[in-house]
Amino acid sequence: MSGSKANENGKHESSSTIGSLTPQEALHLLFPNLSLLSELDRMSIRAGNRIKGMLAGKRRSSTIGGSQEFADYRPYSPGDDVRRIDWNVYGRTGKAFMRQYWDEQELQVSLYVDASRSMAFGEGSMNKQQYALRLAACLGYVALSGDDRLSIRLFRERMIKELQPLHGRVSSPKLFQFLADAMKQLESENKTNAADEDFTSLAMPFSTRSALPRRSGSAWVLTDGMFERGIEETVVSLIATGQRVVFVHLLSREELDPDLSGELKLIDSELGTAKEVAVGHKLLKEYREAVAAFQNELKRICAERGAVYVFVDTSVPLEVTIRDTLLSSQVLNS
């Protein structure tokens, strides 16, 4: 990646001259509408059956542990902690029963944000890259507010930027700083970088074990899906690590319903190749049908593999996407 270098351990370090934003600048860049934060406070990441972790959290797992939420009784066995005997039950029945409690653990939430050239498409707030990073900020904040464990990676042909795991609402400023700095850096790089000539398979950045989550949990992939291959392979790889996969497919309004006509030279933002075409009503109709078929194919892949497909139109305000699309898709709880 232009403007960066690898250290001796092979990890990517930015050599960009772009300075870090202040915490307040980062917050306002990611949340033009700060009132959205109060809504996110009342939401949580839907876990499914993927709760497993090392830290105490707010979620009830399927195992018995040491929280204060009562689960069930079981007969006393020699060696059990007598402090957990329910003496009221013993007084009524003459038999010793142990009180059991649900084990409360955090959910591991892993966010993967596509940083390839095609994500730079779209004007202003409808830019796919900026929209995806702001959406990641919302999801990350929801996870941290729910005492879940959060990690974020940005990818091109490999994982190019990674935020070390965070836990707790107190870590929110680190999350916002990371994503805001990434937004400014990618905006600068997209103006100068060459096309991603070798990045045609989504499976490429997920091909190493270190790129995949180490614990079962919830994995979100935020991408426009502009790949020749590798989408199904990536979904399968994530599910194999015990993830509830949410595939968030972002497209801009210009991509869904382009306002084009006449003799044009179209350039592939990923490969840099060009093609001259005559755009008319018939071609636009075929294009829209192809986009719909592409969406249906992604839905099929996700449905058959047990992942959740969520489509996001970046012309829709972010708060509406959160309230309507994500809540109705049952990937967030209110």
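**Burial, contacts and backbone geometry in a predicted model**

Of the 334 residues in the protein, 47% are buried (under 20% relative accessible area; exposed is over 50%, and partly exposed lies in between, with a 1.4 Å probe and protein chains only). The structure is a predicted model, in which local features need pLDDT of at least 70 and side-chain atom pairs count only at pLDDT 80 or more, while totals for chains, interfaces and linings use all residues. Residues are numbered from 1 along each chain as its sequence is written, and side-chain values use heavy atoms, with hydrogens and water left out.

The protein holds nine helices and 14 strands. These are DSSP runs numbered from the N terminus: helices are H or I with at least four residues, strands are E with at least two. The accessible surface of the protein comes to about 16800 Å² (Shrake-Rupley method, 1.4 Å probe; for residues, only the protein chains shown count as cover). Carbon and sulfur atoms contribute 50% of that surface. Contacts (heavy atoms within 4.5 Å) were examined by separation in sequence. Among contacts in the protein with a separation of 6 or more, 75% join residues 24 or more positions apart.

Helix α9 spans residues 318-328. Its buried residues are L318, T321, I322 and L326. Seen down the axis of α9, these buried residues fall within an arc of 100°, so they line one face of the helix. The arc is that of the directions from the helix axis to the C-beta atoms. The buried residues of α9 pack against two helices and three strands: α2 (36-40), α4, β9 (217-223), β13 (308-313) and β14.

Q330 comes just after α9. It sits in the loop that leads from α9 to β14 (332-333). Q330 is not a glycine, yet its phi is positive, about 60°. Most residues other than glycine have a negative phi. Q330 counts as partly exposed because its relative accessibility is 45%.

D147 is a second non-glycine residue with a positive phi, near 60°. Its place is the loop between α4 and β7 (149-155). At 24% relative accessibility, D147 also counts as partly exposed.

Two serines are buried. S116 lies in the loop between β6 (108-114) and α4 (128-145). Its relative accessibility is 0%, so S116 counts as buried. S116 and R156 are 40 residues apart along the chain, but their C-alpha atoms are separated by 5.1 Å.

S172 belongs to helix α5 (residues 172-189). This serine has 4% relative accessibility and therefore counts as buried. A polar atom of the S172 side chain lies 2.9 Å from the backbone oxygen of R169. Beyond its neighbours within four places in sequence, S172 is in contact with Y141 and L144.

Q295 is found in helix α8 (residues 281-305). It counts as buried because its relative accessibility is 14%. Not counting residues up to four places away in sequence, Q295 touches H249, L256, Y309 and F311.

Key:
Polar contact = N/O pair within 3.5 Å; in protein donor to acceptor, adjacent residues only side chain to side chain.
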